[in-house]
Amino acid sequence: ADLALLALGAVKVPLHELLSAADVAHALAHSEAAAVIAHTSLAPVLEAARAQAGVAPLRVGVADGAPV
């Protein structure tokens, strides 16, 4: 996955699963994220963060290794 990001010219911004929605919102707003790839268990925090940040990056959910 890291090589694919490099080929796209993208940058990975890793976030810890224990971050609050406010912390994730800060990262989304300041990184100018165009997409978020996260496990589906993080969907509630991610949705709250997107609302707080006022941005709507593409969201890809991953459950058990398969995109959702």
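This passage goes through the salt bridges, one backbone oddity, the nonpolar core and the main pocket of a predicted model. Residue numbers start from 1 along each chain as its sequence is written. Because the model is predicted, local features need pLDDT of at least 70 and side-chain atom pairs count only at pLDDT 80 or more, while totals for chains, interfaces and linings use all residues; side-chain values use heavy atoms, with hydrogens and water left out.

Searching the whole structure turns up two salt bridges (a side-chain nitrogen of Lys or Arg within 4 Å of a carboxyl oxygen of Asp or Glu). One pairs D2 with K12, with the closest N and O atoms 2.9 Å apart. This pair ties together distant parts of the chain, 10 residues apart: D2 sits in helix α1 (residues 2–8) and K12 in the loop between α1 and α2 (21–31). Helices (H or I, at least four residues) and strands (E, at least two) are DSSP runs, numbered from the N terminus. D2 is partly exposed at 48% relative accessible area, where buried means under 20%, exposed over 50% and partly exposed in between (1.4 Å probe, protein chains only).

The other bridge joins E47 to R50, at 3.1 Å between the closest N and O atoms. Both residues belong to helix α3 (residues 43–53), and because they are three residues apart, about one helical turn separates them. E47 is partly exposed at 34%, whereas R50 counts as buried at 19%.

E32 is the backbone oddity: its phi is positive, about 55°, although E32 is not a glycine. It lies in the loop between α2 and β1 (35–39) and counts as exposed, at 69% relative accessibility.

Turning to the interior, nonpolar side chains tend to be buried together in soluble globular proteins. Here the largest nonpolar core (buried Ala, Val, Leu, Ile, Met, Phe, Trp, Tyr and Cys residues joined through side-chain atoms within 4.5 Å) has seven residues: V24, A25, L28, V36, A38, L46 and A49. Two or more residues apiece come from α2, β1 and α3, with α2 giving the most, three. A38 also touches V60, G61 and V62, leaving aside residues up to four places away in sequence; contact means heavy atoms within 4.5 Å.
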